[in-house]
Amino acid sequence: MPSLSCAQEFSGAITLGYSASDLSDTATDVDTMTFDGRFGLEADNGLHFGADISGLKADIDGVSEDVNETLAGIYGGIRFGNGAAGGLYVETAELDIDGLGDVSLDSYGLMAGYEAEGARVSGFYGISETDPDLPAGMDIADFGASFSYTGSEGYTIGASAQRTELSADGMPDIDIDFAGIAGSYAVSPGWTLFGGLSDASIDLIDTDLTTVGFGVSYDLSTVTRANASLSLELARSELEVAGVQGDADTVRLGLSIPLGGRGFTVPMNSVADAVLNPRHNALTSADLSTF
């Protein structure tokens with residue numbers, strides 16, 4: 001009850017997105033509709049809570065079944081007066097293909113961080129479970145760290161690195177790695193440039209996925225009463241599996257609406273946001289960066 005009586009600050013934003021992807025060496029196009037939301041509530045006594053959700057619906061030319069994805073997470077913790085923070089997270093990701101059923105990944109663990117004078121560093125450690133289950137005796141561990149700095153001149157830079165490790169007695173470990181760098185710069189009161197580069201790999205099957213994206217957003221509130229921003233991003237993803245390569249070129253449009261204090265730095269359907277605000281599993285972070 002004492003915590004409920006404290007002053008509270010709400011922050012958050014949503015991004016509605018559409019993207020069109022052209023797959024190399026084929027006549028196949030992929031149209032994707034996305035929704036991303038991020039919300040936070042912080043009390044004066046240091047308690048803070050948050051949630052995020054991402055949804056995707058992809059229509060592939062020549063394929064009657066749609067691909068649907070949902071990723072969601074809730075977080076809770078406490079911030080101390082010296083800038084340190086700690087807490088817990090629970091996340092879930094679900095992939096559903098019409099007529100073929102679905103698979104899910106649940107992740108949960110501990111997180112810690114430190115924030116001061118525009119700089120923020122954080123780390124986490126947790127475990128994941130799948131449905132359907134993996135072979136008996138196989139465990140999934142997740143860990144990683146991220147860093148970002150926002151300067152008074154209107155720029156933000158950041159980097160993140162994660163590993164999801166699958167292990168079982170008598171078998172070699174399978175490492176799934178995700179890493180990236182990103183940044184944004186407000187070139188004028190209305191225009192912001194942003195970009196990001198990410199790389200994901202699976203060592204056992206010699207798989208590497210690299211995605212790079214650059215974009216621009218415009219704050220509509222500078223010319224209208226609309227408290228929203230429009231964004232355009234051009235991205236390329238290159239996939240290599242055992243020496244066989246392919247790539248996809250993507251154009252992304254976004255409408256971002258701030259909800260409360262902090263709002264957003266870059267649109268949430270961008271490569272940059274996937275690096276600056278990654279999830280707590282290398283697979284889900286790579287998925288958000290690519291799509």
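## Strand 9 and its neighbours

Strand 8 (residues 139-150) and strand 9 run antiparallel and are joined by 12 bridges. Keep in mind that this is a predicted model. One pair to look for here is Asp 139, which sits opposite Ser 167 of strand 9.

On to strand 10 (residues 171-186): this one also runs antiparallel to strand 9, with 13 bridges joining the two. Here Ala 161 stands opposite Ala 179 of strand 10.

Each of these pairs comes with a hairpin, and in each hairpin a glycine takes a positive phi:

| Hairpin | Residues between the strands | Glycine and its phi |
|---|---|---|
| strand 8 and strand 9 | four residues | Gly 154, near 95° |
| strand 9 and strand 10 | two residues | Gly 170, near 80° |

Now look along strand 9 itself, residues 155-168. In a regular strand, side chains alternate between the two faces of the sheet. That pattern shows up in strand 9, where Thr 156, Gly 158, Ser 160, Gln 162, Thr 164, Leu 166 and Ala 168 point to one face and are buried. Pointing to the other face, and not buried, are Tyr 155, Ile 157, Ala 159, Ala 161, Arg 163, Glu 165 and Ser 167. So Ala 161, the partner of Ala 179, and Ser 167, the partner of Asp 139, are both on the face that is not buried.

Elsewhere, there's a nonpolar patch on the surface, made of Tyr 18, Met 33, Leu 232, Leu 234, Val 251 and Leu 253, with about 530 Å² of accessible area together. Strand 13 (229-241) and strand 14 (244-258) are the elements that give two or more residues to this patch. As for Met 33, you'll find that residue in strand 2 (residues 29-43).

Note on methods
Residues numbered from 1 in each chain as written. Predicted model: local features only at pLDDT ≥ 70, side-chain atom pairs only at ≥ 80, totals over all residues. Heavy atoms only, no water. Patch = residues over 30% accessible without salt bridge, like charges linked within 9 Å, V, L, I, M, F, W, Y side chains within 5 Å. Areas by Shrake-Rupley, 256 points an atom, 1.4 Å probe, with all protein chains shown as cover. Salt bridge = Lys/Arg side-chain N within 4 Å of Asp/Glu carboxyl O. Buried < 20%, exposed > 50% of the residue type's maximum accessible area, 1.4 Å probe, protein only. Pairing = 2+ DSSP bridges.
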